[in-house]
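Colleague: Hi, could you walk me through this one? I'd like to start with the terms you use.

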Amino acid sequence: MSEPLLPPIGMLAELTHRCPLQCPYCSNPLELLKANRELDTQTWLGLFSQAADLGVLQVHLSGGEPTLRRDLEQLIAGLSARGVYTNLITAGVGIAEGRIEAFAEAGLDHLQLSFQGARPATTDRIGNHKGGHEKKLETARRARAAGLPLTINAPIHRHNIEEVPEFIELALSLGAERLEIANVQYAGWALTNRDQLMPERAAVDRQAEIVAAARERLTGIMNIDFVTPDYFAIYPKPCMGGWARDAFMVAPDGTVLPCHAAQTIPSLSFERFGPRSLAEIWTDSPAFNAFRGTDWMQQPCRSCERREIDWGGCRCQAMAIAGDAAATDPACAKSPIHARMAMLIDEAQRAAAIPSNDEQFVYRRIGVVTEPA
Amino acid sequence: MMALRERALVSPRSVPSLPKHVRIQYDPVRQAFAVLSPEKIFWPNDISLDILRRCDGRSTVGHIIAGLAADYDAEQEAVAADVVAFLQEWSDKLLVKL
Ligand code: SF4
Ligand code: SF4
């Protein structure tokens, strides 16, 4: 290791894979875990306490749908008692009366609510859940009434990219402090559904202009975070801020991972919380050390001046497209196979042009896919 | 109903405070003060921290400037420009409420 190992700042806790929605771009793995594999309350609380000791300041409570955990109030309270900043990431359907208030009471700092579309029909179709949009609006209102700060999260793809202006209006009308326009990352279920989800180049360009103008217009009124689409990029994103650099995630069964899709890298094996402490995993796990820092890099990353800006991009995207987890992220224009990204965009457009293909999503469901496609 | 929102501009009479989604916290692991917000964590330097701590929802910007000028033994005008610029930037990012 060329630099000293720093403590982690952030943690994403996927409390469950259960979810009432079936978004075809879900970042969960294709092999979803059933409820009987989930950690129990005491184990999560123990894990949170170790995370706080280790230096974690912020925990994103996610899933699946985290509110399906009946102990969520208790988990929030445990984090809050340690001064950890808690962000609940929810799809906002089916949350029982009184619970949002109970989350706030337990010390929840912030709520992030996803909308699959800005229009009710889009939300219901993409999430494959009738009446979902209406329930989400209600969740947003209840969150505001409970005094919780609110982010609206809009995952963007070809079936809702034209709704970006409406997403902005929706977030404003709900009183959100923040809107995330997050172009879908092609990992997990989104990789399976890539041809169905990939937007057109012209729509991507229009989106960038709309977001830039809205950011200017809404300065000091609402923050807009823009996660740009990788396949159309020149440089990759610093995935997770660099592999095992300042954040990690935990799967419902306690498997500790450097990122969402890390399990798609066949050469790595991951450890579970319980048999090993978080500190041991963070420090010593071979999977965490595999791509830490810059020593593992190949050319062109190795001698690139951006190597400590984007850390070579996403390892899982390198695995998926270059077939080598240590390769330069193909999203980077310096990657020898960068041209493949443009080919994949074109391929998706051709596939989408065949009418019988349109909206033939593989919806996210437990047991639909057992082998990575 | 939603109240119509507008961009707030710093004036000497503004009374800044930290919104609910932002908090200052001492981190014993890194032995430094962190500002926690929904997505980002900031590590303010001593002067920024001093300004943020005075955003208590009671003191006016004028007051804050006078207090800082006294503490740092500096000219009010010089302090004022920095404080106003800092607060405007943080307000624009919705990290400070005016
Ligand atoms: S992306 Fe959709 S299906 Fe996946 S966890 Fe979130 S709401 Fe559920
Ligand atoms: S070559 Fe590697 S380090 Fe340089 S910009 Fe591309 S991905 Fe980043």
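Modeller: Sure: contact means heavy atoms within 4.5 Å, and helices (H or I, at least four residues) and strands (E, at least two) are DSSP runs numbered from the N terminus. This is a predicted model, where local features need pLDDT of at least 70 and side-chain atom pairs count only at pLDDT 80 or more, while totals for chains, interfaces and linings use all residues. Residues are numbered from 1 along each chain as its sequence is written, chains are lettered from A and ligands numbered from 1 in the order in which they are written, and side-chain values use heavy atoms, without hydrogens and water.

Colleague: Thanks! What covers the buried residues of α6(A)?

Modeller: The cover includes α5 (132-145), β5 (150-156), β6 (178-183) and α9 (201-217) of chain A. Buried means under 20% relative accessible area, with exposed over 50% and partly exposed in between (1.4 Å probe, protein chains only).

Colleague: And which residues of that helix are buried?

Modeller: In α6 (residues 164-173) of chain A they are V164(A), F167(A), I168(A), L170(A), A171(A) and L172(A). After α6(A) comes G175(A), with a positive phi near 75°.

Colleague: Switching topic, what is around ligand 1?

Modeller: C19(A), L21(A), C23(A), C26(A), G64(A), A91(A) and R364(A) (a heavy atom within 4 Å). That shell has five nonpolar, one polar and one charged residues, where Ala, Val, Leu, Ile, Met, Phe, Trp, Tyr, Cys and Pro count as nonpolar, Asp, Glu, Lys and Arg as charged, and the others, Gly among them, as polar.

Colleague: One more: what does L61(A) touch?

Modeller: Leaving out residues up to four places away in sequence, its contacts include A13(A), F48(A), P66(A) and I89(A).
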